[in-house]
Amino acid sequence: FCFKMGDLVLRGKCEINYGYNLIWLGKFDEARTIMKRQEKVSVGLKSVELLKCAQTAICYLNKVKKLNRGLSFGEDIDRTKDEYYRVRVTEP
């Protein structure tokens with residue numbers, strides 16, 4: 001849909017949102033690949049907003065990964081929940 005609209009920044013934001021879903025599923029490496037790719041795309045598009053979204057997502061990923069390190073999970077515990085909240089950082 002974003003391709004038809006020609007809005008690559010919106011496409012990048014959708015990719016980042018998908019990356020957040022991967023974080024919640026515990027697929028940290030795959031999520032990092034997406035976030036880093038969007039960080040590079042944002043530089044090419046000269047989009048500060050997309051860059052900040054990608055950097056915030058990478059920060060969130062690092063915190064969740066650190067939180068999950070060393071924890072043992074039983075079958076009755078949902079691994080996708082954490083103590084952090086998403087933060088959107090945009091230019092005013």
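**Exercise 1. Which residues of α3 are buried, and where do they sit around the helix axis?**

Let's work through it. Keep in mind that you're looking at a predicted model.

Step 1. Start with the helix itself. α3 has 18 residues and reaches 25 Å from its first C-alpha to its last, close to the 26 Å expected at 1.5 Å a residue.

Step 2. Pick out the buried residues, using the cut-off of under 20% relative accessible area. In α3 these are Phe28, Ala31, Ile34, Met35, Gln38, Glu39 and Ser42.

Step 3. Now look down the axis of α3. Its buried residues fall within an arc of 140°, so they line one face of the helix.

Step 4. Turn to the face pointing away from that buried side. There you'll find the exposed residues Asp29, Lys40, Val43 and Gly44.

Step 5. Ask what lies over the buried residues of α3: the cover includes α2 and α4.

Step 6. Finish just past the end of α3, where Lys46 takes a positive phi of about 60°.

**Exercise 2. Do the same for α2: list its buried residues and find what they pack against.**

Step 1. Check the span. α2 has 17 residues and covers 25 Å from first C-alpha to last, close to the 24 Å expected at 1.5 Å a residue.

Step 2. List the buried residues of α2: Gly12, Glu15, Ile16, Gly19, Tyr20, Leu22 and Ile23. They take up an arc of only 160° around the axis, so they end up on the same side of α2.

Step 3. See what they meet. The buried residues of α2 pack against α3 and α4.

**Exercise 3. Find which members of the largest nonpolar core touch the most other members, and which helix gives the most to this core.**

Step 1. The largest nonpolar core has 16 residues, and Ile16, Tyr20, Ile23 and Met35 touch the most other members.

Step 2. Sort the core by element. Two or more residues come from each of α2, α3 and α4, and α4 gives the most, with 8 residues.

Step 3. Zoom in on Met35. Leaving out residues up to four places away in sequence, Met35 touches Ile16, Gly19, Tyr20, Ile23, Ala54, Ala57 and Ile58.

Step 4. Tyr20 is worth a second look for its ring. A search of the whole structure finds 2 aromatic pairs, and ring pairs link Tyr20, Trp24 and Tyr60 into a cluster.

**Exercise 4. How many salt bridges does the structure hold, and where do the partners of Arg11, Lys13 and Lys36 lie?**

Step 1. Get the total: the structure holds 5 salt bridges. Why can such pairs form at all? Side chains of opposite charge can pair when their charged atoms come close.

Step 2. Take Arg11. Arg11 pairs with Glu15, with 3.7 Å between the closest N and O atoms. Both sit in helix α2 (residues 8-24), 4 residues apart, about one turn of the helix.

Step 3. Try Lys13 next. Its side chain meets that of Glu49 in a salt bridge, at 2.7 Å from N to O. This pair links distant parts of the chain, with Lys13 in helix α2 and Glu49 in helix α4 (residues 48-68), 36 residues apart. Lys13 is partly exposed at 29% relative accessible area, and Glu49 is partly exposed at 31%.

Step 4. Now Lys36, which forms a salt bridge with Glu39, the closest N and O atoms being 3.7 Å apart. Both belong to helix α3 (residues 28-45) and stand 3 residues apart, about one turn of the helix. Lys36 is partly exposed at 37% relative accessibility, whereas Glu39 is buried at 19%.

Step 5. Look for shared partners. Salt bridges with partners in common join Arg11, Glu15 and Arg37 into one network.

**Exercise 5. Is Glu15 buried or exposed, and which residues does it touch?**

Step 1. Place the residue: Glu15 lies in helix α2.

Step 2. Apply the cut-off. Buried means under 20% relative accessible area, and Glu15 has 18%, so Glu15 counts as buried. Its salt-bridge partner Arg11 is partly exposed, with a relative accessible area of 30%.

Step 3. List the contacts. Not counting residues up to four places away in sequence, Glu15 touches Ile34, Arg37 and Gln38.

Technical notes:
Residues numbered from 1 in each chain as written. Predicted model: local features only at pLDDT ≥ 70, side-chain atom pairs only at ≥ 80, totals over all residues. Heavy atoms only, no water. Salt bridge = Lys/Arg side-chain N within 4 Å of Asp/Glu carboxyl O. Buried < 20%, exposed > 50% of the residue type's maximum accessible area, 1.4 Å probe, protein only. Contact = heavy atoms within 4.5 Å. Phe/Tyr/Trp six-rings, centres within 6.5 Å; stacked < 30°, edge-to-face > 60°. Core = buried A, V, L, I, M, F, W, Y, C linked by side-chain atoms within 4.5 Å. Expected span 1.5 Å × (residues − 1). Arc of directions from axis to C-beta.
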